[in-house]
Amino acid sequence: MAEPTIPILAAERLSKRFAFGAETITALSEADFTLHRGEFICLIGPSGCGKSTLLRMVGGFETPSEGRLLMWGKPVGGPGPDRGMVFQDYGLFPWLTVAGNIAFGPLARGRPKAEAAATARRFIETVGLTRFADAYPHQLSGGMKQRVAIARVLANDAEIVLMDEPFGALDAFTRERLQQELLDIWARTKLTVIFVTHAIEEAILLADRVVVMAAAPGRIVADERIDLPRPRDPTEPAFNLLRRRLSAMLGGHH
Amino acid sequence: MSATAARGFVPRQALLAIAAPVLVLVLWHFTTSGRTYSLIPPPLEVAKQWWDLAFGGLYDDLYSRTLLTHTLASLSRVYGGFALAAAVALPLGMLIGRVRVVRDLLDPTLQLLRPIPVTAWLPLAMIVFGIGPRSAFFLVFLGAFYPVLLNTIFGVRNVEGRLFEAAAMLGVSPQATFWKVVLPAALPSIFTGIRLGLGFAWVVIVVGEMTGVQTGLGAIIMEARQLSRTEIVMSGMITIGVLGFLSDQVVQMIGNRLLRWNPQHG
């Protein structure tokens, strides 16, 4: 597609190195990519390919060693509400109820109590947890916790939602349901999503584009547009074709 | 959900809970009552003595109706010393736990002083504060201080790293992180420290009151021993036990209410 608008996110020769004692490990080497508003991209690759490092740099949790990472043309700083992160291990505040967790962001940003509560109610409904508004995280299943984590990012007006293998710890049935719900929410809100996964099928099911990465050193090896119409059917021949293509790119280990 | 399940078990649980004390009481009764030269008075004698200490009307001696005075004296030292300990240990623990410079400055010294038993401070306390209630107060302070301090340090230092990331990405400023993340996350530990500290305050008060203090439960226990009034000694012990138990129950009730969210709690 032509790109008349400036991208919401652009990485230019982005690298990240970590020191392990005397050794230096290149987690990400000279990554280039752009992300446009409303796009859903998946980062896929084996462990050590730098997909989580890349995501954490976008989140502001790691700083680039070299290169530039720009959001709306400006360098990305520390963590902030414009880039909401959904962690695999949820990262919910155990002392707050579902409603409290979702209202946390708006309150932290100085919104009045009543407004934050109303926002929380709205997004509790969005993720279908109305009956559990007053429950504490330890009383919820993994799938419900991840719904809360998604809702709290949505309630905080995130422009980009960063998801780090968010459904990796869930059972297959819950995972499928949440994938579907995420797509529904994305279709309604036209959010921009970066979704890290190591499951090829999940990437093809969700993404507009799949960014394929390789390890040692971590790098981007391909950027594939997925043009399948939605809703997508994993049993379709076209879906399978893509699966085989991506699998080959990943070295056939999948 | 667990509340209703628990309620069904209350009679059985209560029955089991009082079984051991009743057994002890029965054994105590049969091994002591009717024996003139028993060193331990029978339970009924102790009960009568306790009644006289509390309400009078049985022996009407120097000790009759003095229990309230002694109890209040001990209570004020326990809660006063504990409150002062908490007032110092809570902020200090938070600083040591979260501020590197303060930790490097104070932690080694505090760790060095910690192995000295609280009771070993008593002679020094008597030299510094004189013989009397002020030494007892100081001892309670010291006894409650370390449990509160160490558990506060532990609590504020062991906040899950992920929660800081979550708070930062939701827009919590670094200055607000302490109140919005560290403190609530550390609350279970802090509460453990408070419970241990208060329990220890009750242990130490008796030692503190044993020398040169006129009023207080520790004081009458010691005085009665010298007068061979073993019934009074035991009445004082039982009173301290019951007060310590009630005190802990209240703290636990507050804890259960504040820490409802914690699966390890309640």
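User: Which side chains does Arg56(A) meet in a salt bridge, and how should I read such a pair?

Analyst: This is a predicted model, and in it the side chains of Arg56(A) and Glu62(A) meet in a salt bridge, with 3.3 Å from N to O. When reading such a pair, look next at how much of each residue is accessible: Arg56(A) is buried, and Glu62(A) is buried as well.

User: Where do Arg162(B) and Asp89(A) lie, and what does their pair join?

Analyst: Arg162(B) forms a salt bridge with Asp89(A), and the closest N and O atoms are 2.7 Å apart. Arg162(B) belongs to helix H7 of chain B, while Asp89(A) sits in the loop between E6 and H2 of chain A, so this pair joins two chains. Arg162(B) is partly exposed because its relative accessible area is 22%, which falls between the limits of 20% for buried and 50% for exposed; Asp89(A), at 37%, also counts as partly exposed. Salt bridges that share partners then link Arg56(A), Glu62(A), Asp89(A), Arg162(B) and Glu165(B) into one network.

User: How many salt bridges cross the interface of chain A and chain B, and what else should I look for there?

Analyst: Two salt bridges are found across that interface, and four residue pairs are in polar contact between the chains, both residues of each pair being at pLDDT 80 or more. On the side of chain A that touches chain B, helix H2(A) gives the largest share, four residues, and the residues of that side divide into 14 nonpolar, seven polar and five charged.

User: How much area do chain A and chain B bury between them?

Analyst: They bury about 1900 Å², with 70% of it on carbon and sulfur atoms. Within chain A, the residues that lose the most area to chain B are Trp95(A), Phe104(A) and His138(A), which together make up 30% of what that side buries. The contact draws 26 residues from chain A and 19 residues from chain B.

User: Which element of chain B has the lowest mean pLDDT, and which the highest?

Analyst: Where pLDDT is low, the predicted coordinates should not be read in detail. The mean pLDDT of chain B is 92, and 96% of its residues reach 70 or more. Among the elements of chain B, helix H1 (residues 2–32) has the lowest mean, 81, and helix H7 (residues 161–169) the highest, 97. Over residues 1–5 of chain B the pLDDT is below 50, and beyond near neighbours in sequence this stretch has one contact in the model.

Notes. Residues numbered from 1 in each chain as written. Chains lettered and ligands numbered in written order. Heavy atoms only, no water. Contact = heavy atoms within 4.5 Å. Buried area = accessible area lost by both parts, 1.4 Å probe. Salt bridge = Lys/Arg side-chain N within 4 Å of Asp/Glu carboxyl O. Polar contact = N/O pair within 3.5 Å; in protein donor to acceptor, adjacent residues only side chain to side chain. Nonpolar A, V, L, I, M, F, W, Y, C, P; charged D, E, K, R; others polar. pLDDT = per-residue confidence, 0-100. Buried < 20%, exposed > 50% of the residue type's maximum accessible area, 1.4 Å probe, protein only.
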